[in-house]
Amino acid sequence: MVSLLSLYLGGGAELLFGSVKEHHVTLPNQSEPWDMKQLLVWIRGNMLKERPELFVQGDTVRPGILVLINDADWELMGELEYELQDKDNVVFISTLHGG
């Protein structure tokens, strides 16, 4: 069961979260394990301060947002289906740049 996660935002993604790069969050208890898809819904409803379309698209992150789970690309971890573990580190880095 997940109780505490560390979330890190960089590359400009932190601007959508009140310019705070590091968050330590406690997820609510639920009967089934938390997965990344549920985490993204929770982040959108509880943490995202502005312009959600720049962070999420549908039920996943927008293209151009690199996601790492415990320093590994989330594509190697099962992406949305990855079951979160207590004390996981989840990193979101925007690779999009204005020009």
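Which residues is W74 in contact with, leaving aside its neighbours within four places in sequence? The legends below take up that question and then move on to other views of this predicted model.

**View 1. W74 and its surroundings in the loop between β6 and β7.**
Leaving aside neighbours within four places in sequence, W74 is in contact with M36, T60, V61, V67, L68, I69, E79 and L80. The residue is buried, because its relative accessible area is 6% and buried means under 20%. For a handy distance to check on screen, try the C-alpha atoms of W74 and V91: they are separated by 9.6 Å, although the two residues stand 17 apart along the chain.

**View 2. The open sheet, with its strands in the order β2-β1-β7-β5-β6.**
Five strands make up this sheet, and the pairing is mixed. At the edges are β2 and β6 (72-73), each of which pairs on one side only. Moving across from β2, five bridges join it to β1 in the antiparallel sense. From β1 to β7 there are again five bridges, and here the strands run parallel. Strand β5 (residues 65-69) pairs with β7 over five bridges, antiparallel, and β5 and β6 pair over two bridges, also in the antiparallel sense.

**View 3. Individual bridge partners across the sheet.**
If you would like to walk over the sheet residue by residue, here is one bridge position for each pair of strands. L7 has H23 as its bridge partner in β2. G10 is matched with I93 in β7. V91, also in β7, stands opposite L68. Finally, I69 faces A72 in β6.

**View 4. The aromatic cluster formed by F17, F55 and F92.**
How many aromatic pairs does the model hold? The count comes to two. In one of them, F17 and F55 meet edge-to-face, with 5.2 Å from centre to centre and 80° between the planes. F17 sits in the loop between β1 (4-10) and β2 (22-26), while F55 sits in the loop between α1 (36-46) and β3 (56-57), so this pair ties together parts that are 38 residues apart in sequence. F17 is buried, with a relative accessible area of 2%, and F55 is buried too, at 1%. F55 and F92 also form an edge-to-face pair, at 5.1 Å centre to centre and 65° between the planes. This pair links distant parts of the chain: F55 in the loop between α1 and β3, and F92 in strand β7 (residues 89-94), 37 residues apart. Both F55 and F92 are buried.

**View 5. S6 in strand β1, beside H24.**
Start from the side chains of S6 and H24, which a polar contact of 3.0 Å joins. Is S6 buried or exposed? S6 is buried, with a relative accessible area of 11%. Leaving aside its neighbours within four places in sequence, S6 is in contact with H23, H24, D88, N89 and V90.

**View 6. The two faces of strand β2.**
In a regular strand the side chains alternate between the two faces of the sheet. In β2, H23 and V25 belong to the covered face, whereas E22, H24 and T26 belong to the uncovered one. You have met two of these residues already: H24 shares a polar contact with S6, and H23 is the bridge partner of L7.

**View 7. D35, a buried residue that has no salt bridge.**
D35 is found in the loop between β2 and α1. Which side chain of opposite charge is nearest to D35? That is K37, at 7.4 Å. A salt bridge calls for a side-chain nitrogen of Lys or Arg within 4 Å of a carboxyl oxygen. The backbone of K37 is another matter: its nitrogen lies 3.2 Å from a polar atom of the D35 side chain. Leaving aside its neighbours within four places in sequence, D35 is in contact with L80, E81, Y82, E83 and L84. L80 also appears in View 1, where it is one of the residues in contact with W74.

Key. Residues numbered from 1 in each chain as written. Predicted model: local features only at pLDDT ≥ 70, side-chain atom pairs only at ≥ 80, totals over all residues. Heavy atoms only, no water. Phe/Tyr/Trp six-rings, centres within 6.5 Å; stacked < 30°, edge-to-face > 60°. Helix = DSSP H or I, 4+ residues; strand = E, 2+ residues; numbered from the N terminus. Buried < 20%, exposed > 50% of the residue type's maximum accessible area, 1.4 Å probe, protein only. Pairing = 2+ DSSP bridges. Lys, Arg positive; Asp, Glu negative; His and termini not counted. Polar contact = N/O pair within 3.5 Å; in protein donor to acceptor, adjacent residues only side chain to side chain. Contact = heavy atoms within 4.5 Å.
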